[in-house]
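Open the model in a viewer and keep the sequence panel beside it. The stops below are given as selections, each with a note on what is there.

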Amino acid sequence: MGSSFVVWLFNLLAYLPLSVLHRLGAMLGWATYLLSGTYARRLRQNLAYGLAGRPAADFRQVLKATVAEAGKGMTELPWVWRRPVAEVIAKVRACHGWEHVVAAHASGKGVIMLTPHMGCFEIIALYVATRLPITSMYSVPKRAWLDEVMRTGRQREQMRLARADIGGIRALYKALKRGELIGVLPDQVPGGGEGEWAEFFGRPAYTMTLIARLLESSGAKVLLCYAERLPRGQGYILRFEPLALDLAKPVPLQINAALEHVISTAPAQYLWSYNRYKVPNGVMPPDAAKEEAC
């Protein structure tokens, strides 16, 4: 399938109502789950970590919802990236905790917004960018056409993108120095040498140390943000919560604990299919790292 056709199809899907896209997404989620054994195994295994100790009936119920929600996360992208900003923002039915954003920004030291792979995380930065300047870090996709679609869809209003490289990290430091907001996916697996092993739902997960470095150098405020997807394409609920991090203690572990709490409020909306527990190239596996530390 040529890239030009995919882009054309992507743009065509943007004209469909969000409710239709979510129905299509639910079907796509189930098709992917049934056709890809690797995808299905990873989703079930990661969900089992997240729901450890819960009854089997709860697991089955959340699993069914998770499969559908994962598909919705894909099919809503054309709508979020291609529809007029005002129309997209109008789908935010409620916003809880915006006063925390205002207070953190007023400090003048910058704001670090942590947004996990949960619900429609794409809409958060766009919502913020209609009110305040924000720079968000992103991983450049391998396909050039996808990078172009992603950048044009995200860089709207007061939104800037920073690549997940040295130059991008410098851009984040500069944004904080200007007293602006930055957005980071705290559960994104970093590259070798850019993280440390920290428990996440009872399993060691390689977790970025960048947030601790940014916080130490800037004294910025930290907020945890997520967007809950409402049923039947009704829209989204945004939540912003202050997160106090103690630099005297392992920051990655504190962040993972905060994410666990948030995810437990709506586990079906977390992207359990993401390979959160992978071992990046050049990184010592967690068991070997423990032995060496001893």
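Is Arg-232 buried or exposed? Select Arg-232 and turn on the surface: with a relative accessible area of 66%, Arg-232 is exposed, because the cut-off for that class is over 50%. Bear in mind throughout that this is a predicted model.

**Two positive phi values**

Stay on Arg-232 and look at the backbone. Arg-232 lies in the loop between strand 8 and strand 9 (236-242). Its phi is near 55 degrees, a positive value in a residue other than glycine. Most residues other than glycine have a negative phi.

Next select Glu-157, in the loop that runs between helix 9 (144-154) and strand 4 (159-163). Glu-157 is not a glycine either, and has a positive phi of about 55 degrees.

**Into strand 8 and helix 4**

Select Arg-229, which belongs to strand 8 (residues 221-229), together with Glu-69 in helix 4. Show the side chains: Arg-229 and Glu-69 form a salt bridge, and their closest N and O atoms are 2.7 Å apart. This pair links distant parts of the chain, with the two positions 160 residues apart. Both Glu-69 and Arg-229 are buried.

Add Lys-72 to the selection. Glu-69 forms a salt bridge with Lys-72 as well, the closest N and O atoms being 3.2 Å apart. Glu-69 and Lys-72 are 3 residues apart in helix 4, so about one helical turn separates them. Lys-72 is buried, as is Glu-69.

Which residues make up the network of salt bridges around Glu-69? Add Glu-76 to what is already selected: Glu-69, Lys-72, Glu-76 and Arg-229 are linked in such a network. Across the whole structure, a search finds 12 salt bridges.

**A further salt bridge**

Move to Arg-178 and Glu-180. They form a salt bridge with the closest N and O atoms 3.1 Å apart. At 47% relative accessibility, Arg-178 counts as partly exposed. Glu-180 is buried, with a relative accessible area of 11%.

**Helices packed on helix 4**

Return to helix 4, switch to a cartoon view and select residues 56-75. Two packed helices are described by the angle between their axes and the distance between the axes.

Add helix 3 (residues 37-50). Helix 3 and helix 4 pack at an angle of about 130 degrees, and their axes are 11 Å apart. The two helices are therefore oblique to each other. Helix 3 passes helix 4 in a right-handed crossing.

Now replace helix 3 with helix 2 (residues 18-35). What is the angle at which helix 2 and helix 4 pack? The angle is about 120 degrees, with the axes 6 Å apart. That makes helix 2 oblique to helix 4. The crossing of helix 2 past helix 4 is right-handed.

**A nonpolar surface patch**

For the last stop, select Phe-5, Trp-8, Leu-9, Leu-12 and Tyr-15 and show the surface. These residues form a nonpolar patch, with about 560 Å² of accessible area together. Leu-9, one of the patch residues, is found in helix 1 (residues 3-13). Its relative accessibility is 31%, so Leu-9 counts as partly exposed. That value can be set against the patch cut-off of over 30% relative accessible area.

Notes:
Residues numbered from 1 in each chain as written. Predicted model: local features only at pLDDT ≥ 70, side-chain atom pairs only at ≥ 80, totals over all residues. Heavy atoms only, no water. Patch = residues over 30% accessible without salt bridge, like charges linked within 9 Å, V, L, I, M, F, W, Y side chains within 5 Å. Areas by Shrake-Rupley, 256 points an atom, 1.4 Å probe, with all protein chains shown as cover. Salt bridge = Lys/Arg side-chain N within 4 Å of Asp/Glu carboxyl O. Helix = DSSP H or I, 4+ residues; strand = E, 2+ residues; numbered from the N terminus. Buried < 20%, exposed > 50% of the residue type's maximum accessible area, 1.4 Å probe, protein only. Axes fitted to C-alpha atoms, helices over the stretch in contact; angles between N-to-C directions. Parallel < 35°, antiparallel > 145°, perpendicular 65-115°, else oblique. Left-handed = near helix turned anticlockwise from the far one by under 90°.
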